[in-house]
Amino acid sequence: MTENVTVKTLARELNISIATVSKALNDSHEISLDTKQKVLALAKKLKYERNPAASNLRSQKTKTIAVIVPEIANSFFSLAINGIEEIARKRDYHVLIYQTHENSDTETAFTESLVCGRVDGILISVSSSTNNSLHFKSLVKKIPVVFFDRAIDDIDAIKVTTDDYESAYNATLHLIENGCKNIAYLSALSKLDTGKKRIQGYLDALKNKGLGFNEGLMVTHDADKDKTYDRIKNLLTSQKPDAIISSVEEMVIPAYHACKALGMRIPEDVKILSFSNLSTAALLNPSLTTITQPAFEIGQEAAGFLFKLLDKKYFTTDEIPVLKSVLIKRDSTAG
């Protein structure tokens with residue numbers, strides 16, 4: 001189409017009112033999910049871009065920020081959101097929370113709908129399926145954005161993260177020091193810098209302690225929980241690892257179930273530890289050794305930097321911290 005694509009264009013193409021299109025673009029509760037999806041899909045197809053001047057005639061801020069996470073039920077993200085909300089409340093800001101369910105297209109649709117006028121800034125932890133760095137490179141030029149925990153590798157933006165490499169390295173050393181030599185790794189987030197650093201920490205610890213890497217000891221996460229469980233169960237029977245490191249907490253419970261189904265004792269037959277902020281880790285049988293991230297503090301730091309962007313305060317990249325996780329040793333890795 002050669003004409004400028006406007007709200008009127010979208011309304012005409014979909015045979016709905018301009019008001020409905022506008023409300024759909026602003027994620028109004030008055031509009032059905034089906035209509036919203038149709039409007040967003042057409043907007044993307046026709047490369048519609050909202051006019052900041054037209055969509056935000058008032059000069060004052062919305063006093064609202066958006067938080068986009070893969071999953072709200074995940075204990076790490078729920079704690080991070082609490083940290084974000086604490087900072088936002090002090091600034092008298094509202095927080096809109098969106099979950100992508102690890103879907104990159106949903107993530108893109110959310111950010112596109114938020115760009116002009118809906119919120120003042122965005123805090124985001126990207127989905128494991130994210131592969132659209134060009135979209136995010138464009139996004140950070142349109143609106144203040146801060147990434148937390150999970151970020152896009154090749155993008156010039158503020159990223160508040162933890163010491164993923166060191167945490168995985170030290171966790172692997174802990175298992176080796178407890179006599180483990182055949183250490184399996186449950187892998188997730190492998191497309192993201194977060195996942196890559198965790199894998200590298202594991203591999204380097206093995207290498208530095210003279211232990212070779214066996215590809216059969218690495219199992220990847222699947223969105224289908226039953227497939228993840230079957231993969232772990234097959235790993236335990238075929239490779240007979242004496243220890244397991246889970247890179248995400250979603251894989252550790254299936255590992256416990258698989259051990260129980262096979263009659264394997266934790267930690268006598270296989271030791272298990274996981275990156276996890278599960279409040280129930282100490283209550284599992286046996287209690288789970290965890291690499292616990294400072295999720296609440298990550299949320300606070302990320303929100304703090306977003307408000308610095310909104311206030312146009314000067315700061316250097318050296319001021320952006322890499323927060324330290326803690327290895328909490330419990331019964332699942334006992335010697």
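Modeller: Lys and Arg count as positive here, Asp and Glu as negative. Keep in mind that we're looking at a predicted model.

Colleague: Okay, so how many positive and negative side chains does the chain have, and how far apart do the centres of the two sets lie?

Modeller: There are 42 positive and 41 negative side chains. The centres of those two sets lie 3 Å apart.

Colleague: What makes a residue of H8 "buried", and which ones are?

Modeller: The word needs a relative accessible area under 20%. In H8, Asp164, Ser167, Ala168, Tyr169, Ala171, Thr172, Leu173, His174, Leu175 and Ile176 are buried, so each of them falls under that cut-off.

Colleague: And why is H8 called largely enclosed?

Modeller: Ten of its 14 residues are buried, so the rest of the structure largely encloses H8. Across the chain, 48% of the 335 residues are buried.

Colleague: How do you know what span to expect for H8?

Modeller: Take 1.5 Å times one less than the number of residues. H8 runs over residues 164–177, which is 14 residues, and the expected value is 20 Å. From first C-alpha to last, H8 reaches 20 Å, so it's close to what the definition predicts.

Colleague: What comes after H8?

Modeller: Glycine 179 follows, and its phi is positive, near 95 degrees.

Colleague: Zooming out, how many helices and strands are there?

Modeller: Twelve helices and twelve strands. The C-alpha trace spans about 65 × 45 × 35 Å along its principal axes.

Colleague: What makes up the exposed area of the chain?

Modeller: The chain exposes about 16400 Å², and carbon and sulfur atoms supply 50% of that.

Technical notes. Residues are numbered from 1 along each chain as its sequence is written. This is a predicted model: local features need pLDDT of at least 70, side-chain atom pairs count only at pLDDT 80 or more; totals for chains, interfaces and linings use all residues. Side-chain values use heavy atoms; hydrogens and water are left out. Helices (H or I, at least four residues) and strands (E, at least two) are DSSP runs, numbered from the N terminus. Buried means under 20% relative accessible area, exposed over 50%, partly exposed in between (1.4 Å probe, protein chains only). Accessible areas come from the Shrake-Rupley method with a 1.4 Å probe; for residues, only the protein chains shown count as cover. The place of a charge is taken as NZ of Lys, CZ of Arg, CG of Asp or CD of Glu.
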